[in-house]
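Here's a quick briefing on how the protein chains meet the DNA, and how two of the chains meet each other. Have the viewer open while you read.

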4 protein chains.
Amino acid sequence: MRVKDENKQQAIISATIALVNEIGFASSSVSKIAKQAGVSPATIYIYYKNKEDLLVSTYVTIKTCLGDALMADFDASLPVEDALMNTGVNLFNYISANSELFYFKEQFANSPYNDLVDKAKVEAAFLPLFDVLQQSVKDKIIKDVPFELIFSHLYYPIFGLANPRLNPDFKATPDNVRAVMSMAWDAIKL
Amino acid sequence: MRVKDENKQQAIISATIALVNEIGFASSSVSKIAKQAGVSPATIYIYYKNKEDLLVSTYVTIKTCLGDALMADFDASLPVEDALMNTGVNLFNYISANSELFYFKEQFANSPYNDLVDKAKVEAAFLPLFDVLQQSVKDKIIKDVPFELIFSHLYYPIFGLANPRLNPDFKATPDNVRAVMSMAWDAIKL
Amino acid sequence: MRVKDENKQQAIISATIALVNEIGFASSSVSKIAKQAGVSPATIYIYYKNKEDLLVSTYVTIKTCLGDALMADFDASLPVEDALMNTGVNLFNYISANSELFYFKEQFANSPYNDLVDKAKVEAAFLPLFDVLQQSVKDKIIKDVPFELIFSHLYYPIFGLANPRLNPDFKATPDNVRAVMSMAWDAIKL
Amino acid sequence: MRVKDENKQQAIISATIALVNEIGFASSSVSKIAKQAGVSPATIYIYYKNKEDLLVSTYVTIKTCLGDALMADFDASLPVEDALMNTGVNLFNYISANSELFYFKEQFANSPYNDLVDKAKVEAAFLPLFDVLQQSVKDKIIKDVPFELIFSHLYYPIFGLANPRLNPDFKATPDNVRAVMSMAWDAIKL
DNA sequence: GATGAATGAGCCTTCATTCAT
DNA sequence: GATGAATGAAGGCTCATTCAT
């Protein structure tokens, strides 16, 4: 049996991301993606079941990378404030270095395709973070509110600010990044 | 000469919002929208130049309503904390009562169509809010950071939480709402 | 009863001719013609039964004018050669002064709409010419061949030469015109 | 990989010609042509960039065949009169045997699509004929007038006569054909 | 595995025409 | 008489997907 060509698959993923970012989700047809990737439309169907599978898979891959980046070197033994600050800085750094991936993710997450994603799988990376937060609540270090509130203040500001569509003029300087995270900490700390 | 039927235009807008929310942005074809609205596809082109115009116009209308709702009864003479709290509560109330509009707006704002919107026009409603915040910075009541940071902590958590796609389980109870806004205030206050 | 507006009808005819000449027969829709004429599409249906009627009527009008022009001052008492020469010069002059009409006519005559035209009506103007030719055959001045052959040599060269689509570089100078007709005479004379 | 089906392309061309001849240029939609050819509308776009390309390509093919037929066995060493007579007979024969092609060509040449054709390419076949005529002018055998005049008398009568739309009753009998060409010769000879 | 050919369904838009004023 | 609103049908074309090689 011949082996799937890793380069070809990567070319398809890159083409998908680039094209969706450039001309948008709805206009990105399979044949345009194929052309951009330098393969035949039929080839895409060797790697993915259909268009939906291609898009969802690409999204899941990105989301996983993003989760891993955010949690890189996560140290539960640090003071919570510092541990969280690290995740924010990590997130900003990753987004800055991989803006294409982030941009795609935002567009996808707000499209109906998002409903097809297995949330649990995508959120697995954050479990250690959950634990730390849970403990911090018990220790009366952070506010005792539903987790969604904590998360919404921790990361939604970052997502919004890093999105050039929403904030075309925002610059993710180290100062700005630390300021955002510091404000987030003020929001959630007791 | 026949006169333009106001009901017809409203039916088209409603159909657009309902359909986009139901089956998504990319799948909502002009003829499906027409069918849902109970008019001929051709009729849509009497009211809108093309599909893009229909979608963008609908978005701008919604965005304007949202801005107006958020700023309703805005009272610059109140303590900032209270004035801001009011905007948050207004926003939540409006979203709760008009989830369809909000849902459409979120999907639109993260699609490439968003680039076609005249931002200045849409942001006009918020000018009084800008002024109050600016003064509060001078009065050393809130932090002296770029405005985008302030806004990102004030409203992005709400947008995220209110989005059933992102937080299907969140309930906008008065307690939760006040908690979110209170956290936002902690984030931005000096 | 209100009276039909002569100016309006003329505007419609002019618009039809101009538009058909510019963008072609198939692309000239009723609403485009209406816009060019400065009237409502519905107005056209007051003057003409439908699109076909508009086009055919316009053609018949033009064709009649052309026949009249060609036969203007036709003098059966002149020597045939001179009488024919006059028709050719007349034709050239008319075409030069009314190229728009001629251009429309050529396009129409080679379209399937042509089949809808009542030929007899259009050819009525030429009857005196037929008579003269018939007599000339009897007098053994011109060749005894089917009339179509005579006509084909008398006027098709002119039609072809005067058509900028077929002969973009031809100039209808008096010299050229006389040369063409002189050649035509050589073709048909005995 | 599947290979392009030559039969399919030929079916498309034949369908185009047949349909255009039957219902006319403007009414011949791509999907009607596809149906007539027994293929999917989308298939046509594999062979041609768009409708315009389909029509123009078909025309150029026909025009080339016609030029080749007219010039078949062209013998520059014959007396001009005979050489020209041969071209006329060739032309008539070809038209008689391929009236469909001729009919299409006439309709096309008088439509605005004609402007899209590369004239030089289409006229290449006639170069030997040009040479002979040029020499005959020098030899004072034919009249010294612009070439367009010569051509207009040589072939436009044929085109007109062979066109059933213009001359529904004309029969291209050998006698008639020789008569037309003989008249043409009288027109151009010195 | 990889491909370009092939397709029916559907896209957005405009059509010729009629309606209500 | 004159009009812009309204429409079902059809326009050219592209879609996601499968086929044959």
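## DNA contacts and the A/B interface

Let's start with a lysine: in chain B, a polar side-chain atom of Lys51(B) sits 2.5 Å from a phosphate oxygen of DNA strand E. Keep in mind that this is a predicted model. The points below go through strand E, then strand F, then the contact of chain B with chain A.

**DNA strand E**

- Lys51 of chain C also reaches the backbone of strand E: a polar side-chain atom of Lys51(C) is 2.6 Å from a phosphate oxygen.
- Ser29(B) joins in through its side chain, where a polar atom lies 3.0 Å from a phosphate oxygen of DNA strand E.
- Which elements give two or more residues to the surface near DNA strand E? They are α3 of chain A, α2 (30–37) and α3 of chain B, α2 (30–37) and α3 of chain C, and α3 of chain D.
- DNA strand E has 41 residues around it, and the closest are Ala42(A), Thr43(A), Met1(B), Tyr45(B) and Thr43(D).
- Sugar or phosphate makes up 64% of the strand E atoms within 4 Å of the protein, with bases making up the rest.
- Sorted by class, the surface near DNA strand E comes out as 19 nonpolar, ten polar and twelve charged residues.

**DNA strand F**

- There are 41 residues around DNA strand F too, and those that come nearest are Thr43(B), Ala42(C), Thr43(C), Met1(D) and Lys51(D).
- Of the strand F atoms that come within 4 Å of the protein, 64% are from sugar and phosphate.
- In chain D, Ser29(D) has a polar side-chain atom 3.2 Å from a phosphate oxygen of DNA strand F, while Val30(D) puts a polar backbone atom 2.8 Å from a phosphate oxygen of that strand.
- Chain B gets in on this with its backbone: an N or O atom of the Asp5(B) main chain is 3.2 Å from a phosphate oxygen of DNA strand F.
- Helices that each supply at least two residues to the surface near strand F are α2 (30–37) and α3 (41–47) of chain A, α3 (41–47) of chain B, α3 (41–47) of chain C, plus α2 (30–37) and α3 (41–47) of chain D.
- The class breakdown near DNA strand F is 19 nonpolar, ten polar and twelve charged residues.

**Chain B against chain A**

- Chain B puts 39 residues into the contact, and chain A puts in 39 residues.
- Together the two chains bury about 3100 Å², with 60% of it on carbon and sulfur atoms.
- Asn110(B), Arg165(B) and Met183(B) provide 23% of the area that chain B buries against chain A, more than any other three residues.
- Arg165(B) also has a salt bridge to the side chain of Asp115(A), at 3.9 Å from N to O; the count between these two chains is four salt bridges.
- Nine residue pairs are in polar contact across this interface.
- Which element gives the most to the side of chain B that touches chain A? That would be α9(B), with nine residues.
- This side of chain B divides into 20 nonpolar, eleven polar and eight charged residues.

**Symmetry of the pair**

- Chain B superposes on chain A by a rotation of 180° with 0.0 Å of shift along the axis, at an RMSD of 0.2 Å.
- That is the relation of a two-fold axis.
- Both copies use the same surface, as 100% of the contact residues of chain B recur in chain A.

Technical notes:
Residues are numbered from 1 along each chain as its sequence is written. Chains are lettered from A and ligands numbered from 1 in the order in which they are written. This is a predicted model: local features need pLDDT of at least 70, side-chain atom pairs count only at pLDDT 80 or more; totals for chains, interfaces and linings use all residues. Side-chain values use heavy atoms; hydrogens and water are left out. A residue is near a molecule or strand if one of its heavy atoms lies within 4 Å of it. A polar contact is a pair of N or O atoms within 3.5 Å; within protein, one must be able to donate a hydrogen and the other to accept it, and residues adjacent in sequence count only if both atoms are side-chain atoms. Helices (H or I, at least four residues) and strands (E, at least two) are DSSP runs, numbered from the N terminus. Ala, Val, Leu, Ile, Met, Phe, Trp, Tyr, Cys and Pro count as nonpolar, Asp, Glu, Lys and Arg as charged, and the others, Gly among them, as polar. Contact means heavy atoms within 4.5 Å. Buried area is the accessible area (1.4 Å probe) that two parts lose on being put together, summed over both. Copies are superposed by least squares on the C-alpha atoms of residues with pLDDT of at least 70 in both.
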